[in-house]
Amino acid sequence: MSLHLLVTSGQGPGECRQAVAHVLRRMAEEAEAIGLDLDIAAREARHGPASALVAVHGDSGNFVKSWSGTIQWTAQSSLRPTHKRKNWFIGVFQIDGPKAVTALDPADLRFETCRAGGPGGQHVNTTDSAVRVVHGPSGLSALARDGRSQIQNRKLAIARLEALLDLQAQMQRAIDSRQENLLHYALERGNPVRRFKGAGFREVK
């Protein structure tokens with residue numbers, strides 16, 4: 001099962017884009033710790049991505065729920081050290097999956113193998129069966145380690161990359177038609193689901 005999230009800085013300044021970058025790193029760490037595969041498509045911008053798409057693979061319902069909503073980061077701005085504002089907000093929204101499947105040119109793909117990891121006890125693969133596929137033209141990549149062989153994971157990684165590319169195109173169409181603004185303006189600054197503090201992005205309860 002795969003679920004998809006949009007992480008957005010909304011109409012926020014550069015500090016909010018920094019928060020997006022922090023959240024993406026934290027998501028990747030948490031997903032790795034519980035054995036979920038996570039793929040990210042981000043549009044780079046000054047100070048960090050303004051928004052990003054995150055595809056989470058596996059039994060990810062609780063993970064997605066724990067991140068969905070407004071994220072608050074309390075920190076002195078490194079971009080404007082004299083600025084009085086210290087609270088920065090971004091949004092994480094669950095979105096629908098891709099509407100279509102993009103056919104990839106095999107010549108554009110590069111494959112990497114690595115050791116499968118994460119929780120699972122005796123069922124975790126101990127061979128280099130995990131596969132990451134990198135799409136040259138876009139720079140996007142997808143990882144698969146669910147299968148018991150490189151062949152299975154290779155096929156799964158390609159399918160995940162196809163879905164990620166379609167999601168990116170879907171998001172770009174939404175931006176072009178200004179539909180994404182609906183999500184930008186949906187930020188609820190007074191009711192964050194998770195709070196972080198300081199340059200080290202330490203979570204506080």
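**Exercise 1. Decide whether Arg110 is buried, partly exposed or exposed, and find its salt-bridge partner.**

Solution. In this predicted model, Arg110 has a relative accessibility of 45%. Buried means under 20% and exposed means over 50%, with partly exposed in between, so Arg110 counts as partly exposed. The next step is to look for a charged partner, and the side chain of Arg110 meets that of Glu112 in a salt bridge, with 3.2 Å from N to O. Applying the cut-offs again, Glu112 at 32% relative accessibility also counts as partly exposed.

**Exercise 2. Describe the sheet that contains β6, β7 and β8, and say which strands stand at its edges.**

Solution. Begin with the order of the strands: 3 strands form an open sheet in the order β6-β7-β8, and their pairing is antiparallel. Then consider the partners, because β6 (109-114) and β8 (141-144) each have a single partner strand and therefore stand at the edges, with one side of each left without a neighbour in the sheet. Neighbouring strands of this sheet are turned by 20° against each other on average, when direction is ignored. Finally, look at one pairing in detail: β7 and β8 run antiparallel and are joined by 4 bridges, and Arg132 has Leu143 as its bridge partner in β8. As a general background to this exercise, strands of a sheet pair through backbone hydrogen bonds, either parallel or antiparallel.

**Exercise 3. Compile the surroundings of His135 and of Ile158, and classify each residue as buried or partly exposed.**

Solution. Start with His135, which is found in strand β7 (residues 130-135). His135 has a relative accessible area of 9% and is therefore buried. The side chain of His135 makes a polar contact with the side chain of Ser138, at 2.7 Å. When residues up to four places away in sequence are not counted, His135 touches Leu104, Asp108, Leu109, Leu140, Leu161 and Leu165.

Now turn to Ile158, which is found in helix α3 (residues 150-176). With a relative accessibility of 22%, Ile158 counts as partly exposed. Leaving aside neighbours within four places in sequence, Ile158 is in contact with Leu104, Leu109, Phe111 and Val133. To relate this helix residue to Leu143, note that the two are 15 residues apart along the chain, while their C-alpha atoms are separated by 8.8 Å.

**Exercise 4. Identify which residues touch the most other members of the largest nonpolar core, and which elements contribute to this core.**

Solution. The largest nonpolar core has 26 residues, and those that touch the most other members are Val7, Val23, Met27, Val54, Phe63, Trp67 and Ile90. The elements that give two or more residues to this core are β1 (2-8), α1, β3 (51-57), α2 (61-67), β4 (69-74) and β5 (87-95). Helix α1 gives the most, with 7 residues. Take Met27 as a worked case: leaving aside neighbours within four places in sequence, Met27 is in contact with Leu5, Val7, Leu38, Val54, Phe63, Trp67 and Val92. A second, separate core consists of 16 residues, including Val131, Leu161, Leu164 and Leu165. The general tendency to keep in mind is that, in soluble globular proteins, nonpolar side chains tend to be buried together.

**Exercise 5. Follow the strand pairings of β9, and then trace the salt bridges of Glu203.**

Solution. First, β4 and strand β9 (residues 192-197) pair in the parallel sense over 5 bridges, and in this pairing Gln72 has Arg195 as its bridge partner in β9. Second, β9 is joined to β10 by 3 bridges, and these two strands run antiparallel. Strands β9 and β10 form a hairpin with 4 residues between them, and Gly198 in the turn has a positive phi of about 80°. Within β10, Glu203 stands opposite Phe196.

The third step concerns the side chain of Glu203, which meets that of Arg26 in a salt bridge (3.3 Å, N to O). Glu203 lies in strand β10 (residues 202-204) and Arg26 in helix α1 (residues 14-33), so the pair ties together parts that are 177 residues apart in sequence. Glu203 also forms a salt bridge with Arg194, where the closest N and O atoms are 2.9 Å apart, and Arg194, at 10% relative accessibility, counts as buried. To complete the picture, Arg26, Glu30, Arg194, Glu203 and Lys205 are linked in a network of salt bridges, and the structure as a whole holds 11 salt bridges.

Note on methods. Residues are numbered from 1 along each chain as its sequence is written. This is a predicted model: local features need pLDDT of at least 70, side-chain atom pairs count only at pLDDT 80 or more; totals for chains, interfaces and linings use all residues. Side-chain values use heavy atoms; hydrogens and water are left out. Buried means under 20% relative accessible area, exposed over 50%, partly exposed in between (1.4 Å probe, protein chains only). Contact means heavy atoms within 4.5 Å. A polar contact is a pair of N or O atoms within 3.5 Å; within protein, one must be able to donate a hydrogen and the other to accept it, and residues adjacent in sequence count only if both atoms are side-chain atoms. A salt bridge is a side-chain nitrogen of Lys or Arg within 4 Å of a carboxyl oxygen of Asp or Glu. Two strands pair if DSSP finds at least two bridges between them. Axes are lines fitted to C-alpha atoms, for helices over the stretch in contact, and angles run from 0 to 180 degrees between N-to-C directions. A nonpolar core is a set of buried Ala, Val, Leu, Ile, Met, Phe, Trp, Tyr and Cys residues joined through side-chain atoms within 4.5 Å.
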